[in-house]
Amino acid sequence: MKVWPQASLTEVQCVIEKLAPNDGYRDAYRKMEESYLPAVCDWLRAQPRGRLLEVGPGWGTTALWAKANGWSDITLLDVVDRGTWITDELLDMVGGRYIQGDICAGPLDERFDTVVMTMVVGHLKYSPVEALEHVRLMQHGWALISALAEEPHPPAAYGYDWRAVPRYGEATPVADMVVCAYNEDTFAEMVREVWPLARVWRPPGPVVFAEV
């Protein structure tokens, strides 16, 4: 397993670009990351280096940054097969576990000091509140949730109505990539269904965050 020195986000992104299994990261995703990952890294710097869970790790940028900045116990949970975006080589660099599973279906039977779930809720095929309830059950410390809150938002199957997204198993999931859209108000409303005292903020840019 590679031992990482402390590394900047840009340095980590360059590694991800080299290891990505296709050109999607280089052509589109890396630029999108720059709209929210600096804020994620700033938040993570203040967290204890305990057990870290990332739900929906994407291409693995946050996980590799965490490895390079003091975390040694990292778990990645994603609905897609390992290798879709995160290669075995990258997972070896992270030194973590990859668990294929759907956060909408239920929590892992574990607790984590820090949970990160960024840019996931808009894509969830089933109720985002149900998914966040599962996150809460895995929390031992703080969690960070985020969503795209761009106006106008790209088309979404359920528009801005997160309450209309069915609970797990109650309907056939839609095929749309974006299931539900959010703005700052609807995101805050949704998150506070699970954590009534959630701190919600939106730094400059198109992404809204909740610390819970």
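**Entry 1: the loop after β4**

I began in the loop between β4 (112-118) and α6 (128-138), where M119 is found. The model I am reading is a predicted one, and I keep that in mind for every value below. I looked up the backbone of M119 and found phi near 60 degrees, a positive value in a residue other than glycine. I then asked whether M119 is buried or exposed. M119 turns out to be buried, its relative accessible area being 15%.

**Entry 2: helix α4**

I turned next to helix α4, which spans residues 61-68, and asked how many of its residues are buried. The count is eight of eight, and I therefore note the helix as mostly covered, given that buried stands for under 20% relative accessible area. By name, the buried residues of α4 are T61, T62, A63, L64, W65, A66, K67 and A68, and I noted that K67 is on this list along with W65.

Which elements cover these buried residues? I found that the cover includes the helices α1 (9-19), α2 (24-33), α3 (37-45) and α5 (88-94), together with the strands β1 (51-55) and β2 (73-78). After α4 comes G70, and the phi of G70 is positive as well, near 110 degrees.

**Entry 3: cysteines**

I searched for disulfides and recorded zero of them in the structure. Why does C41 form no such bond? The cysteine sulfur closest to that of C41 belongs to C14 and lies 14 Å away, which is too far for a bond, the cut-off being 2.5 Å. C41 is itself buried, at 4% relative accessibility.

I repeated the check for C104, whose closest cysteine sulfur is in C180 at 12 Å, and this separation is again too far for a bond. C104 also counts as buried, with a relative accessible area of 1%.

**Entry 4: salt bridges around R26**

A search of the whole structure gave me 11 salt bridges, and I followed up some of them individually. R26 pairs with D23, where the closest N and O atoms are 3.5 Å apart, and R26 also pairs with D27, where the corresponding distance is 2.9 Å. I looked up the accessibility of each partner: R26 is partly exposed at 46%, D23 is partly exposed at 45%, and D27 counts as exposed at 54%.

**Entry 5: the pair E110 and R97**

Another of the salt bridges joins the side chains of E110 and R97, with an N to O distance of 2.9 Å. What does this pair tie together? E110 sits in the loop between β3 (97-100) and β4, whereas R97 belongs to strand β3, so the contact links parts that are 13 residues apart in sequence. Both residues are partly exposed, E110 at 22% relative accessibility and R97 at 35%.

I then asked which residues are joined into one network through salt bridges that share partners. The network consists of R51, D73, R97 and E110, and I noted that R51 falls within the residue range of β1 and D73 within that of β2, both of them strands I had already listed among the cover of α4.

Notes: Residues are numbered from 1 along each chain as its sequence is written. This is a predicted model: local features need pLDDT of at least 70, side-chain atom pairs count only at pLDDT 80 or more; totals for chains, interfaces and linings use all residues. Side-chain values use heavy atoms; hydrogens and water are left out. Buried means under 20% relative accessible area, exposed over 50%, partly exposed in between (1.4 Å probe, protein chains only). Helices (H or I, at least four residues) and strands (E, at least two) are DSSP runs, numbered from the N terminus. Contact means heavy atoms within 4.5 Å. A salt bridge is a side-chain nitrogen of Lys or Arg within 4 Å of a carboxyl oxygen of Asp or Glu.
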